[in-house]
Amino acid sequence: MYRSSIFLSLTSPTRLRESFQRFSIIPTTLALITSLFILFYISLTSSLFHQPHHTPLLLLHASSKSHPPARQFIRSSPQTTSMLDSQRPQSPALGKPPPFSGNGGVQTRNDPYLLTQNRIGSNGKTIRKEVFHDKDLFLVDYKEMNRSFKIYVYPHKKDDPFAHVLLPVDFEPGGNYASESYFKKVLMGSHFITKDPSEADLFFLPFSIARLRHDPRVNVGGIQDFIKMYISNISQNYPYWNRSGGADHFYVACHSTGRSAMEKALEVKLNAIQVVCSSSYFLSGYIAHKDASLPQIWPRQGNPPNVDLAERKKLAFFAGSVNSPVREKLLQAWKNDFEIAVHSGRLNTSYSEELLHSKFCLHVKGFEVNTARIGDSLYYGCVPVVIANHYDLPFADILNWKSFSLVVATLDIPLLKKILHGIRSDEYTILQKNVLKVRKHFQWHLFPVDYDAFYMVMYELWLRRSAVRIPLCGSSLHSVQQERNMSKCT
């Protein structure tokens, strides 16, 4: 009887209601914590929570680098204090320092370089006058790269069953993925090539993902097996891959298939340098400090055109298929706007004319973070606006993208017009002049020109080379070369 009364008291409606109320506190608390976390994340990545200060930055010029002004104070918005950094520039898409960018020193608001090189826009964004992170360092390194950098390419003959995949094309590359073919064609005729592997800083894996896609023997579904077989081949017939696990090897691919092509050859993805157009550090297969971003460029003949700024009447322009949620959001927000022209179908006017007569040209993420629109914008002198989260922008180790472009988070698409109108005319002039300065770095030539896209990609590779060459030891070497290198192994 006593036990029954206890049971009845514990299971009474009042007790059950109190227990349920106490238990319901837990999910409510978790939901509250989650909501606060989401709001905190949004506050870090969006302009919605920022009220930028309209405080001008006085441009003070030091008389010389060796005699900087004593102490100079500037007023700046909170958004800019961590981004004005010449020795350790920040990645434009995430705010993280890119690799190989200096000694990591932290600049303060008293730094004379910061004062002479930067402008604070009326929307709180930083406008840099200098397009290089460190031009003097770049020029010194560039000269050394041209003098000493050597690449060994695995040899293949013209009668190889896959010669069209492994050898350079015998025509001038064109189309959306031409960067891959241009690089290989120009590299093979350059002074960077060595036939002596002991001199090589890096080893090039010459397969073409773009050409494998269209080979009926392989197609997209067979690319992974082809790469696996190719790596197995070179690791059995040459000693170079095995000695480093592929860390001193690289391949080049512009089509997004290149990223998934390495799934059955994990050593390539994890160890080798991937020079790819689809350079998203949101994806686990791409590692920014190891891999490098290849600019996707649609080749154009002749010198880039120029038009007066006064002729750029349109605020912003975009044209392209709506193949991603980001583009859908852009279309929903601005499809009927008079200042921001967003086109999802066929244009009534020429694409080039639209680029030439727009102030800002939008690069918006599609299937991947990369498209040829950045190269298009630069070629036609239009300031690119990058709307592609997690995009490791091409040549970010060398060029300061804040000096010639705007990077806008996808979350801020509804604020796009406000952001663009926040750029004053003098600030826009700086951006547009810098576009004209940097566009030579985004052009391919069959016979390379100093500082063009080929040389810039080579410089990115040179930054990623190992400072110590591993001696070639092993019986699989040819006898003369083996005798030359065995002394290094004893």
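Q: Helices (H or I, at least four residues) and strands (E, at least two) are DSSP runs, numbered from the N terminus, so where is Lys440 found?

A: Lys440 is in the loop between α16 (425-438) and α17 (453-463). One reminder before we go on: this is a predicted model, where local features need pLDDT of at least 70 and side-chain atom pairs count only at pLDDT 80 or more, while totals for chains, interfaces and linings use all residues. Residues are numbered from 1 along each chain as its sequence is written, and side-chain values use heavy atoms, with hydrogens and water left out.

Q: Is Lys440 buried, exposed or partly exposed, and which residues form the positive surface patch?

A: Buried means under 20% relative accessible area, exposed over 50%, and partly exposed in between (1.4 Å probe, protein chains only). Lys440 has 42% relative accessibility, so Lys440 counts as partly exposed. Its partners in the positive patch are Lys129, Lys135, Lys433 and Lys437. Patch residues have over 30% relative accessible area (Shrake-Rupley, 1.4 Å probe) and no salt bridge; like charges, placed at NZ for Lys, are joined within 9 Å, with Lys and Arg counted as positive.

Q: How many disulfides are there?

A: A disulfide is a pair of cysteine sulfur atoms within 2.5 Å, and the count comes to two. In one of them, Cys254 and Cys277 have their sulfur atoms 2.2 Å apart. The torsion about this S-S bond is about -95 degrees, so the disulfide of Cys254 and Cys277 is left-handed. Cys254 lies in the loop between β5 (249-253) and α10 (257-260), and Cys277 in the loop between β6 (273-276) and β7 (292-293), so the pair ties together parts 23 residues apart in sequence. Both Cys254 and Cys277 are buried.

Q: And what handedness does the disulfide of Cys361 and Cys382 have?

A: Here the torsion is about 105 degrees, so the disulfide of Cys361 and Cys382 is right-handed. The pair links distant parts of the chain, 21 residues apart: Cys361 sits in strand β10 (residues 358-364) and Cys382 in the loop between α14 (373-379) and β11 (383-387). The S to S distance of Cys361 and Cys382 is 2.1 Å. Cys361 is buried, with a relative accessible area of 2%, and Cys382 is buried at 0%.

Q: How many salt bridges are there, and which residue pairs with Lys417?

A: Look for a side-chain nitrogen of Lys or Arg within 4 Å of a carboxyl oxygen of Asp or Glu. The count comes to 14 salt bridges. Lys417 pairs with Glu339, their closest N and O atoms being 3.3 Å apart. This bridge links distant parts of the chain, with Lys417 in helix α15 (residues 416-421) and Glu339 in the loop between α12 (325-334) and β9 (340-343), 78 residues apart. Glu339 is partly exposed, with a relative accessible area of 30%. Asp337 is linked with Glu339 and Lys417 in a network of salt bridges.

Q: Which acidic residues does Arg464 meet in salt bridges?

A: Arg464 meets Asp397 (3.0 Å, N to O). Asp397 is in the loop between β11 and β12 (406-407) and Arg464 in the loop between α17 and α18 (479-486), 67 residues apart. Arg464 also forms a salt bridge with Glu460, the closest N and O atoms being 2.8 Å apart. Asp397 and Arg464 are both buried, and Glu460 is buried as well.

Note on methods:
Patch = residues over 30% accessible without salt bridge, like charges linked within 9 Å, V, L, I, M, F, W, Y side chains within 5 Å.
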